[in-house]
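Before we discuss this entry, here are my notes on its charged side-chain pairs and on one of its sheets. Please read them with the structure open.

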Amino acid sequence: MCGIAGFINPDGQYKLSRERWEDVLNQMNESQKHRGPDDQGTYLEDRCGLAHVRLSILDLERGHQPIIRQKDHGECAILLNGEIYNMKVLRKQLRKKGAEFKTNSDTEVVLVGYMRYGISFVDQLNGIFSIAIWDGALGKLFLIRDRLGVKPLFYAQMRDTLVFSSEMKGLFCYPGINPVIDREGIAEIFGLGPAKSYGKGVFKGILEVLPGHFLEVGSEGVKDHSYWSLEAREHTDSVNDTIEKTSWLIHDAVKLEMLSDIPISTFLSGGVDSSLVTAICAKELGKEGKQLNTFSFDFWNNHEYFKANAFQPSEDRPWVDRMAAYAGTNHRYLECKNAELVSYLYKAVDARDLPCMADVESSMLYFCSKVVDYNKVTLTGECADEIFGGYPWFHKQECFQADNFPWSMDMEPRKALLKDDLLEKVDLESYSRAAYRKTIGETPALYGEDRTEARRREISYLNLRWFMVTLLDRMDRTSMHSGLEARVPFADHRIVEYLYNVPWEIKCLGGTVKGLLRAAGREDLPQEVLYRKKSPYPKTYDPAYEKILGGELLRVMADKSAPIRELIDLEKLTRFLDSPKDYGKPWYGQLMAGPQMIAFLLQVNYWLDTYKITLEL
């Protein structure tokens, strides 16, 4: 994994002020150095500048970027953030066509493939990636993002110049691009957050390359192309064939994503998703006489305060113990204390460039910073719930009837603390509902499907476009902030394509949540782990944590220079802090309840202050 950035102006003359623009490229690299602490490089020609920081995973000695090759009467230069998992197959095919390679990197495979087949070569890539290819002969820059948006790629336009970066902080290194939040940005933060609209960067004027799209930037302007999208098709496989194919796809995805020149690890929660990934990895490494490192996360003394509820029925640790013993892994428990959890709330904003999932994200950031002491590559069980129907909103009647996002149906907690005059300017409910209806209108539908199945398809598509991407963003930023590469086998586009069209009666085989996944993993996991009831990522239930948050927020509000005072009503906040918090009624997802609202507001204030954001309300 890496960080990429750069700029293009078809009429530019950057080399006339080489020192100035190389300095900008170096600043871009420095802002994203955490994504690639092992190496960095830049490229500058009259019309285009490229910057890259590298986390060395493949071809440790010769994988420096940008990679530059001669093409026709110009140069081709490439930057790649991510991994191309089928690079060995593609490399072999290109060699049969006469291609020659100077490295063993997947980046060179993409460049050589582009030079031979053009931009259509992206259709052959299986991986997670954001890619920039400068074609000097054409005078064009191509910005390409993977099919599901696992790797980020933001951009901004200033007249004839387009600036891009893996993280938004890189854009702010370019002269004239400044952090501004207008009313739409406020609606994104408080109406949709910690999610955000796909294609938008929340900041005014900042956009992102859509998943499954590429931008073509040249003298004719910016053209947005879609190279992949989901399709609704009739599922004709039998139940047994569906189980067999699903199992094969999962195993193949995990094996492909074990590609690395350095040791890999997995995150292990004891749930079926991470346990299945772990079991496959452990077995494959065992064939080579190697032992898999695994890691699990919890909070200091959390067993004393844990409260079982409908969203979180059990603690992870007993299940982790069973699974680690079963798979024979070298397991480490990593724990987080309250002081660290609060401290990392602010570091999580630095990582995401936005307020995010509060302590759900800060804890992950802390844990990733510890994992990287042992391994720089890890595989996770993220995304299985979105594609196999594991979340409660796939099952609850009220979600079927709701005219809004099923993981965030109640807007009142979001509005409760905002100033009345702000709520008059920004209609959060209308903004959220419009975003929801836009996605519903885009949902690939199957003609003749009954209403219930069609609605499940809508909820599935909502998850893929919104909830899953929010978690993928969390995983990318928290891991890459520490120079850790986290891979997500369940986000393999082949699995997503297949599962999107599997009917609910097979996904929920035998009336069991994620029954298809459990059936597909029956040869890999012990029965008790295979059928453990879903319990999401852990959160702290320590009342002392909530008390720390409340005191911190009151101190912030007492500071007359605190930027959040322009948004939050102090009287409303005081009443909120004095009232009991219901941990079982989240305002976002399954984990973000009362304490997470306090933490989110702390993040908002830190974000406004640290990024020196101009509010245009």
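1. In this predicted model, E208 and R145 are joined by a salt bridge in which the closest N and O atoms lie 3.3 Å apart. Because E208 belongs to strand β11 (residues 206-208) and R145 to strand β7 (residues 140-145), the pair ties together parts that are 63 residues apart in sequence. Both partners are out of the solvent by the criterion used here, since E208 is buried and R145 is buried as well.

2. A second pair, E284 and K287, meets through its side chains in a salt bridge with an N to O distance of 3.0 Å. Are the two partners buried or exposed? E284 has a relative accessibility of 18% and therefore counts as buried, the limit for that class being under 20%. K287, by contrast, reaches 59% and so counts as exposed, for which the value has to be over 50%.

3. The side chains of R487 and E485 also form a salt bridge, here with 2.4 Å from N to O, and both of these residues are buried. I would ask the reader to look at this pair alongside that of E208 and R145, where both residues are buried too.

4. Beyond single pairs, a network of salt bridges links R35, K151, E167, K169, D353, D473, D476 and R477. For the model as a whole, the count of salt bridges comes to 41. As a general matter, side chains of opposite charge can pair when their charged atoms come close.

5. Turning to the sheet, six strands form an open arrangement in the order β4-β5-β6-β7-β12-β13, and their pairing is antiparallel. The edges are taken by β4 (67-71) and β13 (221-226), each of which has a single partner strand, so that one side of each is left without a neighbour in the sheet. With direction ignored, neighbouring strands of this sheet are turned against each other by 15 degrees on average.

6. At one of those edges, β4 pairs with strand β5 (residues 74-84) in the antiparallel sense, over five bridges; Q70 has E75 in β5 as its bridge partner. Helix α3 (residues 106-117) packs on the sheet and touches β4, β5, β6 (127-135) and β7, while its direction makes about 135 degrees with that of β5. Strand β7, one of the strands that this helix touches, is also the strand that holds R145, the partner of E208 discussed under the opening point.

Key
Residues numbered from 1 in each chain as written. Predicted model: local features only at pLDDT ≥ 70, side-chain atom pairs only at ≥ 80, totals over all residues. Heavy atoms only, no water. Salt bridge = Lys/Arg side-chain N within 4 Å of Asp/Glu carboxyl O. Helix = DSSP H or I, 4+ residues; strand = E, 2+ residues; numbered from the N terminus. Buried < 20%, exposed > 50% of the residue type's maximum accessible area, 1.4 Å probe, protein only. Pairing = 2+ DSSP bridges. Axes fitted to C-alpha atoms, helices over the stretch in contact; angles between N-to-C directions. Contact = heavy atoms within 4.5 Å.
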